There are 2 protein chains.
Amino acid sequence: MDAETPEPTAQDTTPRDTAVEAAAPSRRAVIGWAGAGLALGAAAAGSVAAATMHEAGPAAPGIDSTVDIPFYGDHQAGIATPVQDRLHFAAFDVTTTDRAALVKMLKEWTKAAAAMTGGREVGTGATGGIPEAPPDDTGEALDLPASRLTLTIGFGPTLFEKDGVDRFGLRARRPEALVDLPKFPGDRLEPGRTGGDICVQACADDPQVAVHAIRNLARIGMGVVNVRWSQLGFGKTSSTTPEAQTPRNLMGFKDGTHNIAGTDDAALAAHVWAAAGEGPEWMTGGSYLVSRRIRMTIETWDRTALQEQEDVFGRSKGEGAPVGKQKERDTPDLSAMKKDAHVRLAHPDSNDGLMILRRGFSFTDGTDGLGRLDAGLFFLAYQRDTRKAFVPLQARLAANDALNEYIVHVGSGHFACPPGIRKPGEWWGQALFG
Amino acid sequence: MDAETPEPTAQDTTPRDTAVEAAAPSRRAVIGWAGAGLALGAAAAGSVAAATMHEAGPAAPGIDSTVDIPFYGDHQAGIATPVQDRLHFAAFDVTTTDRAALVKMLKEWTKAAAAMTGGREVGTGATGGIPEAPPDDTGEALDLPASRLTLTIGFGPTLFEKDGVDRFGLRARRPEALVDLPKFPGDRLEPGRTGGDICVQACADDPQVAVHAIRNLARIGMGVVNVRWSQLGFGKTSSTTPEAQTPRNLMGFKDGTHNIAGTDDAALAAHVWAAAGEGPEWMTGGSYLVSRRIRMTIETWDRTALQEQEDVFGRSKGEGAPVGKQKERDTPDLSAMKKDAHVRLAHPDSNDGLMILRRGFSFTDGTDGLGRLDAGLFFLAYQRDTRKAFVPLQARLAANDALNEYIVHVGSGHFACPPGIRKPGEWWGQALFG
């Protein structure tokens with residue numbers, strides 16, 4: 001970053017620092033950059049009042065895409081937040097051994113994230129007055145509203161220790177819950193889609209906004225981090241808004257009927273947020289994220305009888321009703337399903353009440369060398385303690401689920417997502433590194 | 001296809017056969033499939049009135065995403081149509097040598113395309129009453145409106161002749177304008193992203209709808225065609241609606257300011273539609289499509305000075321104004337730009353008035369092995385005669401454009417897109433194969 005914005009000094013402890021936000025023009029309000037002799041001048045200064053006026057973008061029913069998601073709060077946004085339409089997820093390798101450089105980048109990332117989630121540009125939005133410098137912001141989201149952008153950071157096991165080396169003096173702070181995931185039956189994990197020292201989940205209702213956010217973080221992190229892998233997603237496959245229509249996965253089935261609602265504070269406390277005393281203090285109020293790139297053997301599935309498809313899931317395809325029931329939200333009779341039906345095996349009643357917050361997206365990444373669609377589900381799940389949630393659940397599914405005939409896990413990640421940032425001046429990872 | 005819908009017999013010659021459409025329930029209206037013992041029954045029958053009632057989906061400003069794009073007409077939809085938000089483009093290899101099988105597939109594709117662009121399912125929407133059969137439709141778009149879906153077909157040079165073989169007796173019908181594109185300076189074309197016997201461009205305001213459409217065509221074509229390559233796109237980079245805000249490409253610049261408007265019939269006739277007597281009759285009213293996967297060296301670009309970026313394009317980054325001007329749509333003074341500026345070289349005034357209809361999309365396909373973003377522009381251009389449009393234009397750009405330092409063409413396609421289908425019963429390619 002050639003030109004930094006001044007560090008906000010406000011000590012306002014409200015979740016959202018509106019004073020800081022009002023002081024910077026929104027992207028939409030900026031009608032010309034300072035480069036090439038065209039000054040912002042009065043136009044930008046006069047546009048402050050319009051800073052929160054966004055044009056309507058795409059949104060789920062009942063969701064107002066023009067209302068930005070607050071960046072500051074007790075928990076990171078992007079977990080309980082109503083699921084946005086698009087995803088760009090990136091896992092980064094830290095390439096430096098310099099702890100100070102990493103901390104500096106995390107501070108810069110935090111400022112950029114606060115700006116972008118507020119619909120503003122990174123940095124000064126231009127070149128800090130130096131035409132010879134690259135712009136602070138890559139510019140492709142310049143005319144676009146924030147589109148409910150959230151940016152959620154997580155720290156992978158290898159940030160704490162890699163090949164036996166305590167890289168940044170963090171080994172003692174690694175949460176016990178941040179386990180190295182076991183190898184599950186059937187896993188065919190590709191190293192280039194697995195792991196990562198740091199992850200950032202960008203969700204927005206506009207893919208250009210999500211892509212812009214990850215790209216600008218990668219640009220800021222040049223020399224400190226490299227993108228190890230990234231994943232675009234669409235067609236959210238699990239909703240955290242039970243009142244909305246349940247989305248469908250690429251197998252054509254409704255997915256996430258029985259998910260944790262983002263408004264259900266009791267369920268979130270019980271199943272999603274790491275509690276005080278259960279792990280290191282820097283994770284209290286945070287959550288553990290597991291990502292799995294689950295490829296579907298689409299062509300095989302598409303040639304499978306409807307009855308078989310419905311047996312595999314334990315629900316009807318059209319309505320999504322559990323076997324023997326009429327409506328999607330009718331209480332399932334698990335005993336009416338086949339023993340290896342996906343819903344039966346994954347249901348809380350079969351798992352001592354275990355629940356995870358699913359937040360996955362469909363993906364289609366073109367075709368492989370054999371002309372088969374490289375498509376499936378990019379599974380994202382947040383939980384209070386992975387050892388008591390994803391690990392036993394996936395062990396059960398990997399061993400028994402009828403769905404395994406049609407899917408293969410090809411990528412995996414595990415990240416400790418710290419609690420939220422409460423006010424400007426704090427930074428991502430502060431309690432971990434501080 | 002295990003269960004076919006009856007061929008419509010209506011001889012209605014209006015562009016859109018509303019009678020046929022009203023007779024089939026829209027996807028949204030179908031609340032349960034016929035599989036697994038849950039009958040559609042009265043619910044579907046009673047829903048006909050709701051067939052054109054869609055919930056609002058994402059759309060560009062001024063575009064109503066709930067109004068379906070007519071499938072029938074003089075020209076194929078998806079060319080002059082206001083550009084949708086998302087793209088799934090597929091190039092197919094024909095794997096059979098059986099002309100009759102290919103014709104049968106094209107007929108089935110046409111019926112499926114008419115259904116899907118009308119927001120309806122493929123086939124019966126279930127299994128034709130046979131639970132042992134796979135569903136006619138893969139189902140993931142079951143609850144979604146058509147989202148302005150258009151499907152546009154084109155035929156590549158290799159369909160007419162490949163390795164000297166007249167595969168389907170079409171060699172004599174190959175349009176002269178459907179040239180084998182020359183190798184341009186700097187081309188680094190990958191075979192796996194280049195060519196194809198048939199292409200289908202799916203555009204919609206919802207990616208799940210576009211992906212669903214290509215997938216179902218691929219499924220129908222099993223044993224006849226294979227997907228050779230496919231490309232997802234977002235953030236349309238050229239608008240055919242000049243009244244809307246000009247979109248930005250991933251270099252952060254407005255793209256397509258001076259594009260052909262989809263409502264400008266005179267310009268379309270002059271530059272886009274193949275005219276009678278200029279080529280084979282089966283192409284009259286059609287258009288020639290060139291696709292180019294243009295990868296941007298994003299990381300290099302992002303480190304380039306703003307002044308250099310603006311010099312390369314010949315426009316300012318923020319406003320998009322031509323060099324020395326104030327507003328995006330001010331008439332450019334080409335002589336004020338650098339000699340190798342992109343806008344100067346590509347402008348009609350530098351090319352004897354040559355214009356092409358651009359309809360490209362941004363893409364981001366993860367990262368390459370070096371952690372660099374695999375991102376750029378999937379360029380799509382429609383023209384009356386490629387020999388007089390893309391070929392000389394690209395020859396000029398490839399030799400001189402300052403932008404070449406930051407881009408590389410890695411994929412290419414050339415397709416003859418026939419005119420539109422005027423009524424049910426006609427099929428894609430009928431005049432070519434007939």
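So, helix 8 of chain A: its buried residues pack against helix 9, residues 342-346 of chain A. Before I go on, keep in mind that this is a predicted model.

Which residues of helix 8 are buried? Helix 8 runs over residues 306-313 of chain A, and the buried ones are A:L306, A:Q309, A:E310, A:V312 and A:F313. Because these residues cover an arc of only 155° around the axis, they end up on the same side of helix 8. And that set is what packs against helix 9. Right after helix 8 comes A:G314, with a positive phi, near 85°.

Okay, staying with phi for a minute. As a rule, most residues other than glycine have a negative phi. I picked out two that don't.

One is A:R148, where phi is near 60°. You'll find A:R148 in the loop that runs between helix 3, residues 99-117, and strand 2, residues 150-155, of chain A. Is this arginine buried or exposed? Well, A:R148 has 30 C-beta neighbours inside 10 Å, and the cut-off for buried is 20 or more, so A:R148 counts as buried.

The other is over in chain B. B:D163 has its phi near 50°, again positive and again not a glycine. B:D163 sits in the loop between helix 4, residues 157-160, and strand 3, residues 198-204, of chain B. How many C-beta neighbours does B:D163 have inside 10 Å? Just 6, so B:D163 counts as exposed. So if you've got the structure open, look at those two together: A:R148 is buried, whereas B:D163 is exposed.

While we're in chain B, have a look at B:L142. B:L142 is in the loop between helix 3, residues 99-117, and strand 2, residues 150-155, of chain B. B:L142 counts as buried because there are 24 C-beta neighbours inside 10 Å. Now go from B:L142 to B:A336, which is 194 residues away along the chain: the C-alpha atoms of the two are separated by 54 Å.

Let me finish by zooming out on chain A. There we have 434 residues, and 57% of them count as buried. The secondary structure comes to eleven helices and nine strands. As for contacts, take those between residues at least 6 apart in the sequence of chain A: 75% of them join residues at least 24 apart.

How values were computed:
Residues numbered from 1 in each chain as written. Chains lettered and ligands numbered in written order. Predicted model: local features only at pLDDT ≥ 70, side-chain atom pairs only at ≥ 80, totals over all residues. Helix = DSSP H or I, 4+ residues; strand = E, 2+ residues; numbered from the N terminus. Buried ≥ 20, exposed ≤ 12 C-beta atoms within 10 Å, placed from the backbone. Contact = placed C-beta atoms within 7 Å. Arc of directions from axis to C-beta.
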